Each structure stands twice: as structure tokens, then as C-alpha cells.
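Thank you all for making time this morning. I would like to walk you through one structure, slowly, and I will try to keep to what the coordinates themselves support.

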Amino acid sequence: MTDPSELDMKGDWNRRALENARYYIATPIDGTEQLFRSSGEHDVALFFDGLEQVLQPEATVVDIGAGVGRMDEFVAPRVRRLIGVDVSGEMVALARQRLAHLDNIEFREGDGWTLPGMDDGGIDVVFSHIVFQHMPRNVAASYFGEVVRVLAPGGHFVFQLPERVPGAPADPPESDTFEMRFYSEDELRDQLAGLGLDWVACRRFAVKSPALDFNQLRVHAQKPA
Ligand SMILES: C[S@@+](CC[C@H](N)C(=O)[O-])C[C@H]1O[C@@H](n2cnc3c(N)ncnc32)[C@H](O)[C@@H]1O
């Protein structure tokens, strides 16, 4: 298992941010800023569908792998404070620029496997969307441990990962910071239980296009109160 400090997650994602941040985050290469913003609004609605109660006006929320704040723009108005963390300083710079008008958002550059500057037990909600799939499993596991550390009792963890089913692609090499890793519901359930999180629910969302055909798992777990 590769030591996370030996991976070039920062360099790789900084290069992607400088080359074409919107493309590497979510939209086709010719996607306009307007399309990009609508994709954020759409994805927030889908990601939190049925979990709207998690985003409370008093909540302090962390987004792991915030990118340029595509999701955060539509989450921040619903909560007290939002902290977006990203391994790429270039993504963080773009996010700060894009969302400078929202005064309850802060973006922090992290090392790629820990949550920077966060005390134990101070966060109400951690979410992460299309991020854990890009990192080796031990790096995602490090974040899961960090989530348990920073969440307040009763705090929520909501994240997505592509589902591993028979025939799903094998993991790419550990040094790869882009190709997807697939997870089964059972392995995630075991992993989170091992960290002391309560499993609340898992929902499947189909992803279908000429190039893609799989389910996204959206997991909702909770730190015991
Ligand atoms: C596909 S983008 C998704 C961004 C955002 N979550 C969204 O949905 O718009 C993946 C983001 O995760 C960040 N990322 C990749 N590996 C990371 C890591 N190890 N720690 C923190 N952020 C990471 C990348 O820099 C990039 O901004």
C-alpha cells in the first residue's frame, strides 16, 4: 500500500485545475460557466434528495474535495458555515474567486488525506461527491477516520462512490489519481461499522451514457449521539 505522501495527488489535481478545471470536475470540455453552475444545482438536489433535513440552518458543514465550489454554492445558503477542503491549491484559489460573494464559505488546501485545522467533534455534517472514487483505498480510509474524528455526536456523513458489482473494473494502479475505484455496499458498511459509525441508508443512482453504465451509491452514516 502506497504511503499517501508518495502520491502526486496535489500535483496531478493542480495540473488539471490549470488545464481545465470545469472539465475535470464535471462538465464536457465545451461546458459553459452557466452549464457548470446548473450542474452544481442539479447535483446538490440529487445528492441530498431525501436528506434535506441534514442541512440545517445552524449546521457547520465540511465538503471533502470541494473543487471550485460547484456544490458548495448551493449548499452554503442552507447552512451556517461551510468549509471546503481540497488537495489542490489551484482549485482552492478558483473556488475562493468564484464564491467570494458568499461570506459563510471558507476554502482550505489540505494534504490529501487529513482534514486541516479542524478540532475533534466540531462539525455537524461532512459530505463528499465524486472525490473518494479518484483516490487509492487507503487514502479514502484515512478520510473516513478523519470524518469520525471531526464529527460531533449525532453528526452526519454523506458521500458517494461507484458501486462494485461482478464485472466492475478492477482498481487502477495506486499512483493513478483519476480512474474510478468501485466499492460494494457491504464493504462500505463493514468499513464504517469498524470506525464506529452507524449506517443509516444507502441509495443507488443509475449512471447511464454511451460510455458509462453503473450505479452510484449514496451512503448516509451517522456518528452515534
Ligand atoms: C471530480 S472533482 C469534484 C469536485 C466537487 N466535489 C464537485 O462535485 O464539484 C474532484 C475534486 O477532488 C479533489 N481531490 C482529489 N483527490 C483529493 C484528495 N486526496 N483530497 C482532497 N481533495 C481531493 C480534486 O482536486 C478535485 O477538486
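I will go through the sheet, then the helices, then the ligand and a few single residues.

Please keep in mind throughout that this is a predicted model.

Let me begin with the sheet. It is an open sheet of seven strands, and if you follow the strands across it you meet them in the order E3-E2-E1-E4-E5-E7-E6, with mixed pairing. At the edges sit strand E3, residues 105-109, and strand E6, residues 198-208, each of which pairs on one side only. On average, and ignoring direction, neighbouring strands in this sheet are turned by 15 degrees against each other. As a general reminder, strands of a sheet pair through backbone hydrogen bonds, and they do so either parallel or antiparallel.

Now, how buried or exposed is strand E4, residues 123-128? Six of its six residues are buried, so E4 is largely enclosed by the rest of the structure. On one pairing, E4 is joined to strand E1, residues 60-64, by three bridges, and these two strands run parallel; within that pair, Asp63 has Phe127 of E4 as its bridge partner. E4 also pairs with E5, again in the parallel sense, over five bridges, and there Val125 stands opposite His156 of E5.

His156 is a useful residue to hold on to, since His156 also has a bridge partner in E7, namely Gln222. The two strands concerned, E5 at residues 151-162 and E7 at residues 213-222, pair in the antiparallel sense over seven bridges. Going on from E7, we come to E6, which runs antiparallel to E7 and is joined to it by ten bridges. E6 and E7 form a hairpin with four residues between them, and in this pair Lys208 stands opposite Asp213 of E7.

Let me turn to the helices that pack on this sheet. Helix H6, residues 185-194, touches E5, E6 and E7, and its direction makes about 150 degrees with that of E6. Helix H4 packs on the sheet as well, touching E3 and strand E2, residues 81-86, with its direction at about 165 degrees to that of E3.

H4 has a helix partner too. Helix H1, residues 9-25, packs with H4, residues 89-98, at an angle of about 45 degrees, and their axes are 7 Å apart. That angle makes H1 oblique to H4. On the H1 side the contact is made by Trp13, Asn14, Ala17, Leu18 and Ala21, and on the H4 side by Gly89, Glu90, Met91 and Leu94. Sorted by class, this contact has six nonpolar residues, two polar and one charged.

What surrounds the ligand? There are 22 residues around it, and the closest are Trp13, Gly65, Gly67, Arg70 and Gly112. By class, this shell has 13 nonpolar, seven polar and two charged residues, and its largest share, three residues, comes from H1. You will recall that Trp13, one of the closest residues to the ligand, is also among the residues by which H1 contacts H4.

Gly67 deserves a further word. Gly67 is placed in the loop between E1 and helix H3, residues 72-75, and with 28 other C-beta atoms within 10 Å it counts as buried. Leaving aside neighbours within four places in sequence, Gly67 is in contact with Ile25, Asp86, Met91 and Ala95. The C-alpha atoms of Gly67 and Leu94 are separated by 8.3 Å, although the two residues are 27 residues apart along the chain.

I will end with two isoleucines in loops. Ile130 is in the loop between E4 and helix H5, residues 137-150, and it has a positive phi of about 50 degrees although it is not a glycine. Is Ile130 buried or exposed? Ile130 has 20 other C-beta atoms within 10 Å and is buried, the cut-off for that being 20 or more. Ile29, which lies in the loop between H1 and helix H2, residues 33-47, has 8 other C-beta atoms within 10 Å and is exposed. Not counting residues up to four places away in sequence, Ile29 touches Asn20 and Tyr23.

Key:
Residues numbered from 1 in each chain as written. Predicted model: local features only at pLDDT ≥ 70, side-chain atom pairs only at ≥ 80, totals over all residues. Axes fitted to C-alpha atoms, helices over the stretch in contact; angles between N-to-C directions. Parallel < 35°, antiparallel > 145°, perpendicular 65-115°, else oblique. Contact = placed C-beta atoms within 7 Å. Nonpolar A, V, L, I, M, F, W, Y, C, P; charged D, E, K, R; others polar. Near = placed C-beta within 6 Å. Pairing = 2+ DSSP bridges. Buried ≥ 20, exposed ≤ 12 C-beta atoms within 10 Å, placed from the backbone.
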